[in-house]
Amino acid sequence: MKLKFMYFALALFSIMLIMGCSNKSVIENSNDTDSYEDAKAAAWGFLKEEGWQDQAKDDFQNAKVKEVIINNKYVLLDKAYDGKEVLSVSFEDVDNAVTGTTLILVDPNTNKVIGYMPTE
């Protein structure tokens, strides 16, 4: 009887541990993707406005966003952001692209495009 109880308690503990960990990762993943949707949309709109969308795949939701500090590699539309930390949005290139897709800089507070990094 005591052995059956130990097996039951061990199985129950294992199930709770697995369920607790799996639920946490789902919540973390959903928060990461939702937090930059406006920045991705603003960057995609800027690409289309400039006529640069031909180098990027049409799915802007899969764009990668990271925080960068602006330096002299970027072309700024507003010089007030020089040296500030902003979001860099990069899109996946189409197959057989001659040049890569331009990186777009977005203000993290207003989701306004503030610059870009030209490609070669």
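Q: Is Met 6 buried or exposed in this predicted model?
A: Exposed means over 50% relative accessible area. Met 6 has 52%, so Met 6 counts as exposed. Met 6 belongs to helix H1, residues 2-34.

Q: Which residues make a nonpolar surface patch with Met 6?
A: Phe 5, Phe 8, Leu 12 and Met 16 join Met 6 there. The patch covers about 590 Å².

Q: Now the interior. Which members of the largest nonpolar core touch the most other members?
A: A core is read from its buried, linked nonpolar residues. Here the largest one has 14 residues. Ala 43, Val 89, Phe 91, Ile 104 and Val 106 touch the most other members.

Q: Which elements each supply at least two residues of this core?
A: Helix H2 (37-50) does, along with strands S3 (85-90), S4 (103-106) and S5 (113-117). H2 gives the most, with five residues.

Q: What is Ile 104 in contact with, leaving aside neighbours within four places in sequence?
A: Its contacts include Ala 43, Phe 46 and Leu 47. Also among them are Leu 87, Val 89, Phe 91, Val 113 and Tyr 116.

Q: What does a second, separate core include?
A: That core has nine residues, among them Ile 70, Tyr 74, Tyr 81 and Ile 114.

Q: What is the strand order in the open sheet?
A: The five strands run S1-S3-S4-S5-S2, with antiparallel pairing. S1 (64-69) and S2 (75-76) stand at the edges. Each has a single partner strand, so one side of each lacks a neighbour in the sheet.

Q: How many bridges join S1 to S3?
A: Six, and the two strands run antiparallel. For one, Lys 66 has Ser 88 in S3 as its bridge partner.

How values were computed:
Residues numbered from 1 in each chain as written. Predicted model: local features only at pLDDT ≥ 70, side-chain atom pairs only at ≥ 80, totals over all residues. Heavy atoms only, no water. Patch = residues over 30% accessible without salt bridge, like charges linked within 9 Å, V, L, I, M, F, W, Y side chains within 5 Å. Areas by Shrake-Rupley, 256 points an atom, 1.4 Å probe, with all protein chains shown as cover. Salt bridge = Lys/Arg side-chain N within 4 Å of Asp/Glu carboxyl O. Helix = DSSP H or I, 4+ residues; strand = E, 2+ residues; numbered from the N terminus. Buried < 20%, exposed > 50% of the residue type's maximum accessible area, 1.4 Å probe, protein only. Core = buried A, V, L, I, M, F, W, Y, C linked by side-chain atoms within 4.5 Å. Contact = heavy atoms within 4.5 Å. Pairing = 2+ DSSP bridges.
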